[in-house]
Amino acid sequence: MSSIPLDDRDLQILAILSREGRISKVDLARRVNLSATPCWERLRRLEKAGLIRGYRADVVLAKVAPHVVVFVVAELESHRAESFQAFERAVARHDEIVCCWAIGGGFDYLMQIVTRDIDSYQRLVDQLLASELGLKRYFTYIVTKDVKAGPPPLADLVAPGAQEN
């Protein structure tokens, strides 16, 4: 739940920015029916509250360089806090691991890895295994085609007026 109360305009700002991070402040203000200064103040409040982690481009990797996207589910041998912390520190050191989520349901982590090719992916896995992080088993799923990627459905996630104050 949000640490600050959000109204309809805050949600509009977040939804627009999640789709169009480069929108000008003037255009953003116009789209949410505010003058520039109040819109800018809301945006700064949302950033300060940590609701916006950052702004980035959605780069079409296929037009930049050959690459492979791999999803990996991993299970650790030990389920002690120290084991999870060690694994998460190791993951943070590898730029190729672009996302990592702790998950429930039989496995411990789901990772998204973007690397040059399968060989470089395998070298990464070999490094993780050699580092004795307690990786019990892992399963690799190679992405063969982008089907859909987009921002979260903020309007569906937050019903206006239903937030805690």
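At 10% relative accessibility, Glu-75 counts as buried. This holds for a predicted model, as does everything that follows. The partner of Glu-75 is Arg-137, and the two side chains meet in a salt bridge with an N to O distance of 2.6 Å. Glu-75 sits in strand E1 and Arg-137 in strand E4, so the pair links distant parts of the chain, 62 residues apart. Arg-137 has a relative accessible area of 38% and is therefore partly exposed, since the partly exposed class lies between 20% and 50%.

Strands E1 and E4 belong to an open sheet of four strands, ordered E2-E3-E1-E4, with antiparallel pairing. E2 and strand E4 (135-142) are the edge strands, each pairing on one side only. From one strand to the next the twist averages 20°. E2 and strand E3 (residues 109-115) run antiparallel and are joined by five bridges. Across from Met-111 in E3 stands Cys-100.

Two helices are placed against these strands. H4 lies across strand E1 (68-76), E2, E3 and E4, and runs at about 15° to E3. Helix H5 (residues 118-130) also packs on the sheet, where it touches E1, E2, E3 and E4. The direction of H5 makes about 165° with that of E4.

The loop between helix H4 (81-92) and strand E2 (97-102) holds His-94. With a relative accessible area of 16%, His-94 is buried, because the limit for that class is under 20%. Apart from its neighbours within four places in sequence, His-94 is in contact with Leu-124, Gln-127 and Leu-128.

The next part of the structure is the nonpolar interior. The largest nonpolar core has 19 residues, of which Ile-13, Leu-17, Leu-28, Cys-39 and Leu-46 touch the most other members. At least two residues of this core come from each of helix H1 (8-19), helix H2 (25-31) and helix H3 (36-48). H1 gives the largest share, six residues. Ile-13 can serve as an example: residues up to four places away in sequence aside, Ile-13 touches Leu-28, Val-32, Cys-39, Arg-42, Leu-43 and Leu-46. A second core, separate from this one, has 18 residues, including Val-68, Leu-76, Ala-90 and Ile-97.

Arg-42, one of the contacts of Ile-13, leads back to the charged side chains. The model has eight salt bridges in total. In one of them the side chains of Asp-10 and Arg-42 meet at 2.9 Å, N to O. Because Asp-10 lies in helix H1 and Arg-42 in helix H3, this pair ties together parts that are 32 residues apart in sequence. Both ends of the pair are buried: Asp-10 has a relative accessibility of 1%, and Arg-42 has a relative accessible area of 18%.

Asp-10 also meets the side chain of Arg-45 in a salt bridge, at 2.7 Å from N to O. This second pair again links distant parts of the chain, with Arg-45 in helix H3 and Asp-10 in helix H1, 35 residues apart. Arg-45, unlike the buried Arg-42, is partly exposed, with a relative accessible area of 30%. Asp-7, Asp-10, Arg-42 and Arg-45 are linked in a network of salt bridges.

Note on methods:
Residues numbered from 1 in each chain as written. Predicted model: local features only at pLDDT ≥ 70, side-chain atom pairs only at ≥ 80, totals over all residues. Heavy atoms only, no water. Buried < 20%, exposed > 50% of the residue type's maximum accessible area, 1.4 Å probe, protein only. Contact = heavy atoms within 4.5 Å. Core = buried A, V, L, I, M, F, W, Y, C linked by side-chain atoms within 4.5 Å. Pairing = 2+ DSSP bridges. Axes fitted to C-alpha atoms, helices over the stretch in contact; angles between N-to-C directions. Salt bridge = Lys/Arg side-chain N within 4 Å of Asp/Glu carboxyl O.
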